[in-house]
Amino acid sequence: MLRVDDLTKTYMLGDRSVAGGVRHVSFDVAAGEFYTLLGPSGCGKTTTLRAIAGLEEPSEGRIDIDGRVVFNSATGAFVAANQRNIGMVFQSYAVWPHMTVFDNVAFPLRMSRSRRYGESDIRAKVEHTLETMGLAAFASRSAAQLSGGQQQRLSLARALVAEPRLLLLDEPLSNLDALLREQMRSELRRLQQDIGVTAIYVTHDQAEALALSDRVAVMRDGAIVQVGTPKQVYYTPADEFVATFIGRSNLLHGRIDRDVAPNTQAIVQSAIGPVICTFADSAPAAHPVLAMIRPEHLVLAPADAAPGAARGPNHFSGRIANVAFLGETTEYTVRVAETEIIVRMPAGELVGGADVTVLLPPDRTLGVSNPAAAKI
Amino acid sequence: MSSLTISGRHPLSPFGITPKVVILVLILGIGTIPPLLFLIFASVHSFNPDGSFAEMTLAHFHEIFTSRAFFTSLFNSVVYSFGSALLALAIGAAQAWLAERTDAPFRQWLYVTAIISLGIPYVLYIVAWLLFLGKAGSVNQLLAFLFGGTGPYINVNSLGGMIFIEGMLWSPLAFLLLSSVFRNADAAFEEAATMCGASLPATLRHVTFGMAQPALFALALLVFIKASESFEVPALVGLPGGTRVVTTTVYQRLTLDMPPSVGSASALGVLLLVVMAVLLHFYGRLSAQAHRFRTVTGKGFRPRVIRLGRWRYPVTVLIALIPIVVVIIPLVTIIWAALLPFYQPFSIDGLSRLRLTNFIQVLTSPSARGAVFNSLVLGAATATLVTALGAVAGWCVARRVTGGRLIDALAALPLVFPAIVLGLAYLQILVHGVALYGTLLSLILVSAVAYIPYGLRYAQLGVIQIHPELEEAAGIAGAGYPSTFVRVVLPLLVPALISCWLFVFLLAVRAMALVLLLAGPESQVVAVSLFDLWNNGPIGEVAALGFVWTVIMTFFSVAFFVLARRYQLPIG
């Protein structure tokens, strides 16, 4: 459906230095897929989206939409944004305040060059779309009079009314308050699945990305770091950046004695002692490695509950430094040797200062080769 | 909320009128209410031969409504104001869009043009066009050369000439005001239209200018108001050709008619006030609407520049043309006239006659030097008064102090006075009561009254940008009201106040109509001197004095513009 190949876009600053942009980004999106570009600000996700939209002309690469080349630096092909038949939702919604709700939604139909719509066609389609978005009652109102959430839905209605095959969403939920954001999130997902439109979604919010997407591409410094399903990027992050950007992770820097094959377990020598980790990919012994474990995967027990257990593999003695009650879970900060480890569990009897035993289940503890650390 | 409540002796709380507010109301009231009363009073009285009021009468109004001349002048006023507004808006909007939203080459020159034009006195600018387009001007000479014959092809002393010159006079300000509209529009609105399949022309029509529409209407109405109360162009361009508008009729009744009729002039003035009040009311509503549209922007705000592609070349020609017409032709004409002993159109053999005589004459003449000195004093004193009063009044209005609405209304009152009518009203007051007639002090006080609305607006906008919590924090920290104002509010207001000072300074020295009726031999200012010289004296001296003055003023207008830009203040 969408194919982005070796996309490069650089921005020249006044002093001719290069800043921001994206470098050699490639990915494919299947029809009907909800595909998210996730990353911190300045990682190039918005630039990528705007290149797909045609609002930016990339420096290099090729973009195909629905089997049609819309950009190819090799042949100089460039299809203008207004001829790509794409729906787009902007971060600021960009609903036109000088038009009514109806006119906002009717605009794409009136501008359409692929099909001529009669006034009655337009009326029927707009009313149907407004109905779907729960905006039917506001049709004759000025768009400036709508609340933030309504503007958001209007913006979505406008993007979908001409039935585009591809829908681009640029941080559409970031201007909404927390409760509305969660509502819109599920609404958005349901709508996308009902219509079957292919969606490219840009966000810096990892919770949104995990909840909405079929696949997530994590970006950093103008390049894609990892592509996978929400579960893949969460449970098997490709590197330290992904592990810390998506959810919280305990990270232990260490070394391995021998080369490790993919999908095997090996012992990592870390600051708290030897830790048995599961490696998804191969790791050469020459490189530093990282042991990563999510706070909710750790198991905490009082030290006196099973005196002998502390001797078992991946068991470590520690002391609780801090307890924070979070409602659904409780977060314990446990000091093991000189390292602080975060553990999340349902609220229990443990209090600050208690001696405990921490278990890092080997199949949940991920080992990753971390060549970046060697350079430092 | 938005009020400052500090435990102290005189908290400016919303719950009671304080002595400070009373004093402020009194000062503003004394400045703004008497002219209104005197004008109304004079309009319904007949006069004794010595100028004192006789019995009450409605004869002045009756005379006005039964005279054909009045309706002719009214018609002329409407056509002239409408035409000027349309012309200024068209030129201003095109410039603003090109300068802010496209990659047109040399677009920065449009700003330079506008800034320089802000320093040219009205009278000088008009004189330049009269010389260029007049009977003996270069354009008529060229047309005569091309088509033969002798008669002037263009009559500049007509309604068309008035519209052209007034339109040119307002186009830079229209441009500067609209450029902020285009600059602040989030490009996402246009990109959304593009993504909906709209072409560039469709996007421009439906979105860019569609969204700017309230701002464009508001500005058109503003120029219409300013043109219908303008005096300089109608007096210098219209009167010699016999084209009268309402403001020049007021002047004519007062100074040219024999015997002069103060009552009739006042009655006309009252009618003008009513019209102005109605128009300003609509203007207020329109600009509020324009403002509402501008508030919808997101976090991901980015400016966008439209690539003109092959349109670059025609646009470059247009951009070169605007400075030529707005500034270069008038200034070159003025320099040419200043260097000649007797005015003649541009020609090669004229070059041999160029001398610096006029400049030497002007720079050594005590009266010209006196006028320059008086103008600078007038500008500086007026600006200082207005800024100081405006700062306090603006704060009261912005923070909704009790009595704030009264302050707002009083300070806005002078807006409904066309300059010539305010001058007329104060002429009455000064002649009948206060012994200040003809003094520089009287000019300063009257100018301060005329420009207090601008001072208040500038300060009010400045205060709105200061979060009330900053003042509340000072109160919590133990500061009383005066030290809060001096140590927290004022320092944060400084950029707005400096811009206000420069803006009022430029206004006060540039305009002529307000002080024309009030200036005496001891209080000649440049604007009035230029007018008198043009009517009686050699053209060369007008041009030389005007040029020297323009150079001085350009420094002030550049300073104003740099500040306004840096602190994102609206211009005007």
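## The salt bridge between the chains

Let's start where chain B meets chain A: in this predicted model, the interface of the two chains holds one salt bridge. Which side chains form it? B:Glu191 pairs with A:Arg50, with 2.6 Å from N to O. That distance falls inside the 4 Å limit, so the pair counts as a salt bridge.

## What chain B brings to the interface

Polar contacts between chain B and chain A come to four residue pairs, with both residues of each pair at pLDDT 80 or more. On the side of chain B that touches chain A, the elements giving two or more residues are helix H8 (187-195), helix H9 (200-228) and helix H12 (262-294) of chain B. Which of these gives the most? H8(B) does, with seven residues. By character, this side of chain B has twelve nonpolar residues, eight polar ones and five charged ones.

Turning to the extent of the interface, 25 residues of chain B contact 27 residues of chain A. Together the two chains bury about 2,300 Å² between them, and carbon and sulfur atoms give 65% of that area.

## The build of chain B

If you trace chain B through the model, you will find 23 helices and two strands. Its C-alpha atoms fill a box of roughly 80 × 70 × 50 Å along the principal axes. How does the radius of gyration compare with that of a compact globule? For 572 residues, such a globule would have a value near 25 Å, and chain B agrees because its own value is 25 Å.

## Salt bridges across the whole structure

Looking beyond the interface, a search over all chains finds 25 salt bridges. One within chain A joins the side chains of A:Arg123 and A:Glu127, at 3.2 Å from N to O. Why are these two separated by about one helical turn? They sit four residues apart in helix H3 (residues 119-132) of chain A, which means about one turn of helix between them.

## How far to trust the model

The model as a whole scores ipTM 0.82 and pTM 0.81. Chain B has a mean pLDDT of 84, with 93% of its residues at 70 or more. Where in chain B is confidence lowest and highest? Strand S2 (residues 53-56) of chain B has the lowest, at a mean of 80, while helix H10 (residues 232-238) of chain B has the highest, at 93.

Two stretches call for some care. Residues 1-15 of chain B stay under a pLDDT of 50, and the model gives them 34 contacts beyond four places in sequence. Residues 295-301 of chain B are also below 50, with 17 contacts in the model beyond near neighbours in sequence. Where pLDDT is low, predicted coordinates should not be read in detail.

Terms used
Residues are numbered from 1 along each chain as its sequence is written. Chains are lettered from A and ligands numbered from 1 in the order in which they are written. Side-chain values use heavy atoms; hydrogens and water are left out. Contact means heavy atoms within 4.5 Å. Buried area is the accessible area (1.4 Å probe) that two parts lose on being put together, summed over both. A polar contact is a pair of N or O atoms within 3.5 Å; within protein, one must be able to donate a hydrogen and the other to accept it, and residues adjacent in sequence count only if both atoms are side-chain atoms. Ala, Val, Leu, Ile, Met, Phe, Trp, Tyr, Cys and Pro count as nonpolar, Asp, Glu, Lys and Arg as charged, and the others, Gly among them, as polar. pLDDT is the predictor's confidence in each residue, from 0 to 100. The radius of gyration is taken over C-alpha atoms; the globule rule is 2.2 Å times the number of residues to the power 0.38.
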